[in-house]
2 protein chains.
Amino acid sequence: MRILLVDDEKKITTVLKAYLQQEGFQVSTAINGLIALTMFKENPFDLLILDLMLPGMSGTKICSEIRKISSVPIIMLTAKVEEEDRIQGLSIGADDYITKPFSPREVVARVRAVLRRTNNETSPLADVISYDNGLTIDNIQHEIRLNDQEILLTPTEFKILGALAKHPGRVLSRGQLVEIVQGHDFDGDDRVIDAHIKKIRQKIETTPSNPQIIMTVYGIGYKFYPSAGG
Amino acid sequence: MRILLVDDEKKITTVLKAYLQQEGFQVSTAINGLIALTMFKENPFDLLILDLMLPGMSGTKICSEIRKISSVPIIMLTAKVEEEDRIQGLSIGADDYITKPFSPREVVARVRAVLRRTNNETSPLADVISYDNGLTIDNIQHEIRLNDQEILLTPTEFKILGALAKHPGRVLSRGQLVEIVQGHDFDGDDRVIDAHIKKIRQKIETTPSNPQIIMTVYGIGYKFYPSAGG
DNA sequence: TACATTTTTGATGGGAGCTTGAAAACTAAT
DNA sequence: ATTAGTTTTCAAGCTCCCATCAAAAATGTA
């Protein structure tokens with residue numbers, strides 16, 4: 001995986017490059033927009049990390065230039081917390097944004113997330129999905145049906161079930177689920193998830209004490225079983 | 001969870017320490033950077049809380065020194081909001097920032113959030129690996145399959161098998177395996193590994209008493225045989 | 001072969017993790 | 001302020017996992 005990192009602050013590029021390389025990524029750096037553009041046109045990259053504030057050509061400008069020729073995933077580094085910047089960056093075509101100051105670790109995590117997301121979206125998820133276990137998740141009407149019987153879920157329960165069902169079989173830890181449902185700055189206990197899972201099971205499992213749809217992975221988290229047989 | 005709290009204001013360390021301890025964290029304190037560094041080198045900590053303004057060595061300096069030897073999560077305490085601009089450029093490497101004045105509750109919340117985030121980091125291992133012996137290790141679904149038959153392993157068993165399979169043919173001593181599985185600060189018997197190996201063999205070997213996948217290297221440890229023939 | 005060392009195996013107590021129900025804290029609307 | 005619905009916390013009970021021990025088997029060596 002090749003990453004192009006564009007920032008004029010050498011300290012940032014050095015640290016980030018080191019972290020990303022340690023994670024097995026090939027990293028090239030550019031200190032301004034023009035260099036970045038030429039580099040991108042001449043070499044294939046799998047992901048771009050762009051500072052919003054750059055000398056010469058701004059990050060947003062580069063972003064839109066790139067978007068004319070490629071759909072490569074882009075992560076924006078924004079200096080200000082202002083909401084406008086986020087919207088601006090995203091509306092132009094960035095896949096994620098990170099506000100400074102940030103930790104290198106967070107950047108690595110977001111890079112992984114974006115790459116995973118973009119790679120998986122080869123089969124764009126439909127708005128209504130039905131699984132072999134009889135469950136139907138309707139993201140448009142925002143409702144769940146089990147064998148054509150409507151099930152009423154609270155917003156949180158819907159999010160959790162949706163997150164698990166989005167990647168059938170994949171284990172999600174309580175921490176991951178908390179972040180999906182409550183966001184990064186939740187000051188509570190991860191065990192909340194257990195309570196929600198309990199509620200969901202009571203509503204969708206025929207035998208909640210012996211679940212067939214949302215399975216527990218001891219010591220790790222929960223996963224969604226899409227097939228009927230178990 | 002052990003936390004190292006570095007601040008020269010005794011009032012702050014006292015209050016924060018009390019709050020964090022009440023939440024079940026083990027808290028040590030240091031009043032300057034040099035002490036903090038030596039403490040960190042001699043004892044294992046799971047998280048650092050650093051004041052940006054410290055006598056002698058500054059918080060940013062400590063941060064970068066620590067980053068050279070460890071990727072431990074770091075939370076920075078910054079004195080004024082006005083300095084945000086400087087922080088943005090200078091102090092990359094911390095995982096979160098809290099500006100004074102802050103409430104102890106907020107610090108506790110951020111500590112939890114950072115720990116949750118860092119613990120969630122998935123290993124940079126490949127997601128799914130299959131071997132000639134018919135074994136598949138699926139790190140996403142967190143499950144093992146032997147010829148497409150699902151095998152249920154406990155977390156510890158999963159870690160051990162994963163560690164051995166990561167470097168096929170390479171011998172890992174019990175000490176190394178203990179460190180991978182239980183961490184650096186385990187004061188128990190290395191022979192625990194034997195018990196886990198036994199369990200794993202019962203689950204994945206056709207003839208556990210004559211293992212073909214996890215082989216014993218007498219006097220040294222265990223190794224993983226990836227090929228079918230043995 | 002005989003001996004010492006190392007590994008395997010089975011059993012067990014303690015502990016960690018999960019589930020569950022109930023109550024408390026929040027939210028949003030009346 | 002009251003109420004209903006939702007989210008979070010807490011404690012009790014339960015299941016399952018793990019570290020330890022001792023006996024038996026296997027391995028390497030003299």
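Which backbone atom of Gly219(B) lies 2.9 Å from a phosphate oxygen of DNA strand C? A backbone N or O atom of Gly219(B) does, a polar contact in the sense used here (a pair of N or O atoms within 3.5 Å; within protein, one must be able to donate a hydrogen and the other to accept it, and residues adjacent in sequence count only if both atoms are side-chain atoms). Keep in mind that this is a predicted model, in which local features need pLDDT of at least 70 and side-chain atom pairs count only at pLDDT 80 or more, while totals for chains, interfaces and linings use all residues. Residues are numbered from 1 along each chain as its sequence is written, chains are lettered from A and ligands numbered from 1 in the order in which they are written, and side-chain values use heavy atoms, leaving out hydrogens and water.

Let us stay with DNA strand C. Two side chains also reach its phosphate oxygens: a polar atom of Thr216(B) at 2.4 Å and an N or O atom of Arg201(A) at 2.7 Å. Helix H8 (192-204) of chain A, together with helix H8 (192-204) and strand S11 (214-217) of chain B, are the elements giving two or more residues to this surface; helices (H or I, at least four residues) and strands (E, at least two) are DSSP runs, numbered from the N terminus. There are 25 residues around the strand, where near means a heavy atom within 4 Å. Of the strand's atoms within 4 Å of the protein, 73% belong to sugar or phosphate.

Now turn to DNA strand D, which 21 residues surround, with Thr154(A), Thr156(A), Thr156(B), Val192(B) and His196(B) the closest. Here 88% of the strand's atoms within 4 Å of the protein are sugar or phosphate. The side chain of Thr156(B) places an N or O atom 2.3 Å from a phosphate oxygen, and Gln182(B) brings a polar side-chain atom to 2.8 Å. From chain A, a backbone N or O atom of Asp189(A) lies 3.2 Å from a phosphate oxygen of this strand. H8(A) gives the most to the surface, with 4 residues.

Finally, look at how the protein chains meet. In chain A, 36 residues are in contact with 29 of chain B, contact meaning heavy atoms within 4.5 Å. About 2700 Å² is buried between them, 49% of it from carbon and sulfur atoms; buried area is the accessible area (1.4 Å probe) that two parts lose on being put together, summed over both. On the chain A side, Pro101(A), Arg105(A) and Asp187(A) lose the most area, together 22% of what that side buries.
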